[in-house]
Amino acid sequence: MAYTWDNRVAFVVRYLYDIDNNGYLDAHDFHCLALRTCVLEGKGDCSASRLQKYQHIMMSLWEEIAQLADFDKVPDYDGIVTVDEFKVAVQNSCIGRKYEEFPQAMRAFIETNFRMIDINCDGIIGIEEFRYDCVQRMVVDDIRVIDEAFNSLLNDDDRRKGGLALYRYQELFAQFLSDQSDDCQANLLFGPLEL
């Protein structure tokens with residue numbers, strides 16, 4: 001049950017977008033995401049130019065999500081997107097589609113997320129970076145489950161490279177959202193999921 005499409009999409013809301021953890025998305029989450037991304041990618045540094053870049057990316061993502069998902073915005077726009085509204089938006093804009101067909105702002109977020117995980121900036125998410133990303137979000141009492149999740153994602157080319165290159169991460173992220181089967185390869189892209 002942890003790897004159902006509904007649970008995977010709820011995971012994206014809870015752990016990737018809902019920064020203030022209030023159970024829904026709003027502009028505040030994406031302002032905070034911009035700052036978080038700037039600091040993480042800068043390894044503590046937060047230059048004004050990089051912050052401005054991420055504010056643009058994250059606010060574009062918010063506007064795109066709100067446009068696709070906040071169905072009750074007219075006539076009394078509430079300024080929030082619930083998990084259910086987000087699921088419908090993902091269903092309408094991502095199911096059965098490849099990364100290149102995803103909305104532009106979502107693609108920009110996925111690329112930004114890759115850069116945050118790629119701590120050493122070598123263009124590959126290795127096992128240590130994957131571990132670091134996973135333990136920031138979840139309680140894990142055995143590193144082997146994270147390592148098994150990482151290894152399940154890799155194809156032969158990934159193994160030769162030592163991990164996931166950007167194009168593979170994009171492909172897997174797209175599959176995580178677009179494939180409704182409970183056993184798609186990308187199920188473990190963010191480590192072992194909880195219900």
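Is Cys134 buried or exposed? With a relative accessibility of 0%, Cys134 counts as buried, where buried means under 20% relative accessible area, exposed means over 50% and partly exposed lies in between (1.4 Å probe, protein chains only).

## Basis of the model

The model is predicted: local features need pLDDT of at least 70, side-chain atom pairs count only at pLDDT 80 or more, and totals for chains, interfaces and linings use all residues. Residues are numbered from 1 along each chain as its sequence is written, and side-chain values use heavy atoms, with hydrogens and water left out.

## Cysteines

The structure contains zero disulfides, a disulfide being a pair of cysteine sulfur atoms within 2.5 Å. For Cys32, the closest cysteine sulfur belongs to Cys46 and lies 12 Å away, too far for a bond. Cys134 is likewise in no disulfide, its nearest cysteine sulfur being that of Cys184 at 15 Å.

The accessibilities of Cys32 and Cys134 can be set side by side. Cys32 is partly exposed, at 25% relative accessible area, whereas Cys134 is buried at 0%.

## Salt bridges

Over the whole structure, 10 salt bridges are found; the criterion is a side-chain nitrogen of Lys or Arg within 4 Å of a carboxyl oxygen of Asp or Glu. One of them joins Arg131 to Asp147, with 2.7 Å between the closest N and O atoms. Arg131 belongs to helix 6 (residues 127-135) and Asp147 to helix 7 (residues 143-153), so this pair ties together parts that are 16 residues apart in sequence. Helices (H or I, at least four residues) and strands (E, at least two) are DSSP runs, numbered from the N terminus. Arg131 is partly exposed, with a relative accessible area of 26%, while Asp147 is buried at 14%.

Two further pairs each lie within one helix. In helix 8 (residues 156-161), Arg159 and Asp156 are three residues apart, a separation of about one helical turn. Their closest N and O atoms are 3.6 Å apart; Arg159 is partly exposed at 46% relative accessibility, and Asp156 is exposed at 54%. In helix 9 (residues 166-178), Arg168 and Glu171 are also three residues apart, again about one helical turn. Their side chains meet in a salt bridge at 2.5 Å, N to O. Arg168 is buried, with 3% relative accessibility, and its partner Glu171 is partly exposed at 41%. In addition, a network of salt bridges links Asp157, Arg160 and Lys161.

## Internal cavities

Rolling a probe the size of a water molecule over the atoms shows where empty space is left. On a 1 Å grid over the protein atoms alone, a cavity is a set of points where a 1.4 Å probe fits but cannot get out, and lining residues have an atom within 4 Å of a point. Grid points are joined across faces, edges and corners, and a volume is the space filled by probe spheres set on the points. By this rule there are three cavities of 30 Å³ or more, and the largest holds about 50 Å³ of space.

The lining of the largest cavity consists of Leu61, Glu64, Ile65, Leu68, Phe86, Ala89, Val90, Ser93 and Met106. Helix 3 (48-69) and helix 4 (83-93) each supply at least two of the lining residues. By class, the lining comprises seven nonpolar residues, one polar and one charged. Here Ala, Val, Leu, Ile, Met, Phe, Trp, Tyr, Cys and Pro count as nonpolar, Asp, Glu, Lys and Arg as charged, and the others, Gly among them, as polar.

Terms used:
1 Å grid on protein atoms, 1.4 Å probe; cavity = no way out; pocket = protein on both sides within 12 Å on 5 of 7 lines; lining within 4 Å.
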